[in-house]
Amino acid sequence: MRSATLVLAAHSLRRTRPIVIGMALVLGGFQFLLTQVATFLLRSGGFSLMPSLIPDFLRQMAGPSMLTFMSFTGVVAFGYFHPIVIASHLGLAIAIATEPAAEIETRFADLTLARPMVRHQVITRTIVVLVVAEAVLLLTMMTATWTGLACCTPADAPRPELATIRSLAIMLGTVTLCWGGLALAAASAVRRRATASGTAAVAALATYLLDYLGRIWDPARRLSTLSPFHYFEPSSLVSGAPLNVRDVAVLLGIGLAGVIASYAIFSRRDM
Amino acid sequence: MSGPAIRLEHLGKRYGRLTALKDVSLDVLEGEVFGFLGLNGAGKTTTIRILLDLVRPTSGRASIFGADCQTRGPEVRAQLGYLPGEPGFYGDMTGEATLDLLGRLAHTRVDPASRARLLDRLEFAASDLRRPMREYSTGMKRKLGIVQALQSDPPLLVLDEPTEGLDPLMQDAFYELVAASRQRGRTVFMSSHVLPEVERVCDRIGLLRGGELVLLSPVHEVRSLAGRRVRVSFAEDVTPPASWPDGCDLVQTTPRVWELRVHGALGPVVSLLATRPIADLDVQMPHLEEVLKKYYSDSERVALQTNAPAS
């Protein structure tokens with residue numbers, strides 16, 4: 001007999017396959033498009049004009065990092081921290097992570113948990129699906145970026161290094177898994193998917209805004225360290241800094257705490 | 001005699017201030033068909049969910065084939081097939097995919113021929129199995145639920161309201177499946193509202209009211225509690241006797257018709273009637289319903305409790 005975890009994971013992956021493939025194609029297409037936008041701006045001399053188009057107050061508010069983004073590498077990398085891209089990743093992660101609550105709500109869990117399996121296998125299944133889906137998205141995005149750079153950009157274009165793209169993907173992946181873990185904790189405690197996903201989505205939006213506030217308003221800087229997005233620093237990667245292992249560890253640590261909480265809650269609760 | 005297939009010992013469950021189950025103790029022996037009765041909210045489904053470890057008891061203990069349902073859950077569930085009261089199937093999955101998935105999660109391999117026979121007996125067409133379940137009627141979902149519970153032929157079947165939504169022909173088919181399971185030595189624990197169904201298929205019953213077990217008895221003994229209804233018509237006017245034999249209650253009399261309720265042997269009543277001009281005599285066996293309706297409403301706890309299965 002195959003492990004119940006694998007059976008359930010295969011079942012969930014089959015069910016999420018259309019949306020994962022669809023999102024991978026859209027996000028991959030977006031990355032490819034950004035390489036072509038960067039190429040166009042390079043050929044048309046747009047990068048030298050862009051700083052003068054930005055109002056002074058906006059440049060001061062955003063800080064020197066804004067200039068980093070007005071470069072070939074900055075435009076190519078933008079797809080790894082664009083708010084809509086982040087929202088897409090988090091949306092999918094929350095949808096996958098709240099599957100235990102959905103199964104309790106629809107009573108499908110009554111049928112599966114009535115089989116000879118232990119409850120933590122449901123949580124492990126969800127983690128497997130979450131990691132696989134996120135890996136598919138990130139690999140597709142990286143492949144699209146690299147394809148765009150390899151096939152359709154001038155040879156003398158200042159292409160970002162593969163390590164930079166990889167680090168950006170890892171950063172995006174860790175913040176996604178962090179919220180996946182938190183959503184999983186919420187999903188293991190409630191009976192309705194909407195409650196779990198709503199809670200996770202509102203918390204993500206609130207902490208995203210808190211982090212943004214901390215970046216532009218000094219008094220909020222300290223408070224913003226409570227936001228997981230505080231440890232999501234793509235701008236430093238774009239400007240050539242190496243991946244900050246501490247940030248990755250903090251994000252994975254928060255996600256792991258969510259996972260541990262979900263194992264504990266799910267194994268004790270009434271279904 | 002073999003040990004209990006199911007043992008509940010002082011089982012209790014509270015949801016905050018609400019007491020769903022209170023000190024429920026009973027044994028269900030291997031090979032018997034046990035009917036678990038009660039009105040809505042009596043605690044039947046809570047008990048079943050404790051057996052499956054979907055719900056944790058507040059007090060007491062539940063075990064199946066000697067293994068604790070909470071501490072040895074997977075071992076316990078490897079030996080049972082479960083039909084929930086409201087099976088939660090995914091509408092976009094086909095019936096076949098659902099059965100395959102649940103079969104793969106079972107402890108024992110599902111025999112395709114055995115599953116095909118079950119589907120055939122419940123008149124489930126192969127073409128229906130390939131349709132998404134959102135297109136299924138309530139009855140079809142119930143039939144698929146029965147198949148998923150029985151397909152691995154487990155030693156114990158736990159069925160929550162199994163015939164809800166089935167048409168009369170399918171109900172008969174289900175009763176035959178239960179009878180066949182019993183012949184193979186399987187134990188069946190089923191909750192039901194349908195008293196004629198319980199009367200037809202169950203050896204023993206347990207009745208819950210407000211979370212308490214108020215009746216536990218073989219079906220034939222419960223029936224005997226009600227007594228037989230005897231209706232006597234006379235050819236001419238007769239006068240009722242001054243005294244009646246023991247166990248005989250007068251329900252209604254007219255000069256030419258007596259209606260009696262007789263508990264125990266009919267002999268003394270027949271002797272009494274022998275000297276009178278009888279035109280017609282009708283003896284009706286009591287129905288379970290007549291007795292149980294009383295227990296649904298009565299507040300006193302019933303002393304009649306036995307663990308012996310009906311022969």
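In chain A, the mean positions of the 21 positive and 13 negative charges are 9 Å apart. Lys and Arg count as positive, Asp and Glu as negative, with His and the chain ends not counted. Each charge is placed at NZ of Lys, CZ of Arg, CG of Asp or CD of Glu.

This is a predicted model: local features need pLDDT of at least 70, side-chain atom pairs count only at pLDDT 80 or more, and totals for chains, interfaces and linings use all residues. Side-chain values use heavy atoms, without hydrogens and water.

**Chain A.** The chain has 13 helices and zero strands. Helices (H or I, at least four residues) and strands (E, at least two) are DSSP runs, numbered from the N terminus. The radius of gyration is 20 Å, close to the 18 Å of the globule rule for 271 residues, so chain A is as compact as a globular protein of that length. The radius is taken over C-alpha atoms; the rule is 2.2 Å times the number of residues to the power 0.38.

| Chain A property | Value |
|---|---|
| C-alpha span along principal axes | about 65 × 45 × 30 Å |
| Buried residues (under 20% relative accessible area, 1.4 Å probe, protein chains only) | 48% of 271 residues |
| Exposed area (Shrake-Rupley, 1.4 Å probe) | about 12,200 Å² |

Carbon and sulfur atoms supply 70% of that exposed area.

**Glu259(B).** This residue lies in strand E13 (residues 257-262) of chain B. Glu259(B) is buried, at 16% relative accessible area. Its side chain makes a polar contact of 3.4 Å with that of Arg229(B). A polar contact is a pair of N or O atoms within 3.5 Å; within protein, one must be able to donate a hydrogen and the other to accept it, and residues adjacent in sequence count only if both atoms are side-chain atoms.

Note on methods:
Residues are numbered from 1 along each chain as its sequence is written. Chains are lettered from A and ligands numbered from 1 in the order in which they are written. Buried means under 20% relative accessible area, exposed over 50%, partly exposed in between (1.4 Å probe, protein chains only).
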